[in-house]
Amino acid sequence: MFELARAAPAKQCTHMMIEVTTEIGGEACPFGKRIMELADRLAQWSESPDGLSCTYLSPAHRSVAAEIAALMRGAGLLTEIDAVANVVGRYPARGQAAPALILASHYDTVRNAGKYDGRLGVLTAVVVAEHLNRLGRKLPFHLDVIAFSEEEGVRFSSSFLGSRAVAGRFDSELLERRDAGGVTLAAAMREAGLDPGEIPALGRCREELLGYLEVHIEQGPVLLDEGLPVGIVGAIAGSVRAMITVTGTAGHAGTVPMGRRQDAAAAAAELVLYVEKRCAQAPTLVGTVGQLAVPDGAINIIPGRCELTLDVRAGDDVTRDAAVSDIMAEIGRIAARRGVSFDCKEVQRAGAVRCSPRLQSMLADAVARAGVKPRHLPSGAGHDAMMFDGLTDTAMLFVRCGNGGVSHSPREIITAEDADIAARIVLDAVLRLAEAS
Ligand code: HGY
Ligand code: MN
Ligand code: MN
């Protein structure tokens, strides 16, 4: 039974709400309804017959990019698909020499995903740009709507490929990363008609940016529990991700005595339970073994190899790194006790970031003007906004999730009313930034 988020009753119209409602003939939740309809439209492309999976540069991924580009062009944006398959649309400023405000999120998904992770932010930015274009409302800055091509790190085990490129943080070593089929990132790009040589030119510099704003689903239960449609993100947890291979000794399940085994899966299982126990020891600390496999395993073979992944996060890097070092020490103890070996390869490290107090308070004012109590909350999930930390001021607006806040699941759900409130808040914030510029 789906437990739907009940949107806060629509508040009194503010100047911006009257403008939006009048503009679109008084239809209720015009932005929200359009966002939900477009999210359904983008969800029609999937790599899998059951469920939504849209990973980097798959045919489904490229169809979604083409659809988003068409939506951006329809909104009057100067649009292109860049060298890492980000879809970039610019709503040009009144004057040529102007900074840019980035409104962005990602359009790739995890496997068997929900429809709103990433895409809510992309579509909110599109509908806000559509509205400004419809009004012919020019701003003193460019509005750059960006749909990042790869945030989840599913295919090449490295997240934020799209936002790294725009933030000038793309490490060319990533081009050698291989997917499960052995295809390198560079080859996948070339096959999709992209030129990795053009990636360095995508990097933005500080002087040309006014700020970065991302709308994203909360992916947790806080806003739902407190009956709030939106929240302002104060900080984003940092993460370390690793691929681990345990090597033991394969053997006959029927003839090797229990005391003489080097069972790789049993060693991995000990590690999984240790990660769970250790990462329960600090408030913002979490640890997950998301993948666990015995390659070429069989029911009657003692596992000689076991492959697993590790994802450790915390609100601050000291807490996270202390947990990672304890986990590495435990790996040494398990290896010695069981006569197995562990190979750990770190595949990603993203530091915890604090969002800009200036943009947070600008968002909080817009949230209050929309008649919603401003609620600041941390993000346990990673987001593209992290890549812009240190380059420009960043802020995120969370939108309530239903079904207990579940995400990375087809049960991910939001309401049109909440999406509408979020879009109006973003529009209000953009217009206030324009007035203040
Ligand atoms: O894993 C994350 O935090 C995000 O969904 N990529
Ligand atoms: Mn995600
Ligand atoms: Mn996301």
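A residue counts as buried under 20% relative accessible area, as exposed over 50%, and as partly exposed in between. His408, with a relative accessible area of 42%, is therefore partly exposed. Welcome to this structure, which is a predicted model. His408 is a handy starting point: this residue is one of those around ligand 1, and its NE2 atom is also a donor to the manganese ion (ligand 2). From there, the tour below moves through the ligand site, the two manganese ions, two helices and a few individual residues.

**Around ligand 1**

- Seven names make up the surroundings of ligand 1, namely Glu151, Glu152, Arg241, Arg313, Ala381, Gly382 and His408.
- By character, that shell splits into four charged residues, two polar ones and one nonpolar one.
- On the nitrogen side of the ligand, an N or O atom in the side chain of Glu151 sits 2.9 Å from a nitrogen atom of ligand 1.
- Oxygen atoms of ligand 1 take part too: one is 2.9 Å from a polar side-chain atom of Arg241, and an N or O atom in the side chain of His408 is 3.0 Å from an oxygen atom of the ligand.
- On its own, ligand 1 has 210 Å² of accessible area, and the protein covers 94% of that.

**The manganese ion (ligand 2)**

- Asp117 (OD), Glu152 (OE) and His408 (NE2) coordinate the manganese ion (ligand 2) at 2.1 Å.
- Along the chain, these donors follow the spacing D-x34-E-x255-H.
- Glu152 belongs to the loop between β4 (142–148) and α5 (161–166), while His408 belongs to the loop between β16 (394–399) and α11 (416–436); the pair links parts of the chain 256 residues apart.
- Glu152 has 8% relative accessibility, so this residue counts as buried.

**The manganese ion (ligand 3)**

- Here the protein donors are His106 (NE2), Asp117 (OD) and His216 (NE2), which lie 2.1 to 2.2 Å from the manganese ion (ligand 3).
- Their spacing in sequence reads H-x10-D-x98-H.
- Which residue bridges the two manganese ions? Asp117 does, and the ions lie 3.4 Å apart.
- Asp117 is in the loop between β3 (100–106) and α4 (119–135) and His216 is in strand β5 (residues 209–217), so together they tie parts of the chain that are 99 residues apart in sequence.
- Both Asp117 and His216 are buried.

**Helices α4 and α11**

- Helix α4 has 17 residues and spans 24 Å from its first C-alpha to its last, close to the 24 Å expected at 1.5 Å a residue.
- Because 14 of the 17 residues of α4 are buried, the rest of the structure largely encloses this helix.
- Gly136, just after α4, takes a positive phi of about 70 degrees.
- Helix α11 has 21 residues and reaches 30 Å between its first and last C-alpha, close to the expected 30 Å at 1.5 Å a residue.
- Like α4, helix α11 has many covered positions: 17 of its 21 residues are buried.

**The loop before α11**

- Ser409 shares the loop between β16 and α11 with His408.
- Is Ser409 buried or exposed? Its relative accessible area is 13%, so Ser409 is buried.
- A polar atom of the Ser409 side chain lies 2.9 Å from the backbone nitrogen of Arg411.

**Positive phi outside glycine**

- Most residues other than glycine have a negative phi.
- Ala85, although not a glycine, has a positive phi of about 75 degrees; Ala85 lies in the loop between β1 (78–81) and β2 (87–91) and counts as buried at 5% relative accessibility.
- Phe160 is not a glycine either, yet has a positive phi of about 65 degrees; Phe160 is in the loop between β4 and α5 and is buried, with a relative accessible area of 3%.

**Pairs apart in sequence**

- Glu307, in strand β12 (residues 305–314), is partly exposed at 31% relative accessibility.
- The C-alpha atoms of Glu307 and Ala293 are 5.2 Å apart in space, with the two residues 14 apart in sequence.
- Arg338, in helix α9 (residues 317–338), is partly exposed at 27% relative accessibility.
- Arg338 and Gly248 are 90 residues apart in sequence, and their C-alpha atoms are 8.4 Å apart in space.

Definitions and conventions. Residues numbered from 1 in each chain as written. Chains lettered and ligands numbered in written order. Predicted model: local features only at pLDDT ≥ 70, side-chain atom pairs only at ≥ 80, totals over all residues. Heavy atoms only, no water. Near = heavy atom within 4 Å. Polar contact = N/O pair within 3.5 Å; in protein donor to acceptor, adjacent residues only side chain to side chain. Areas by Shrake-Rupley, 256 points an atom, 1.4 Å probe, with all protein chains shown as cover. Nonpolar A, V, L, I, M, F, W, Y, C, P; charged D, E, K, R; others polar. Donors = N, O, S within 2.8 Å, 3.2 Å for Na, K, Ca; no water. Helix = DSSP H or I, 4+ residues; strand = E, 2+ residues; numbered from the N terminus. Buried < 20%, exposed > 50% of the residue type's maximum accessible area, 1.4 Å probe, protein only. Expected span 1.5 Å × (residues − 1).
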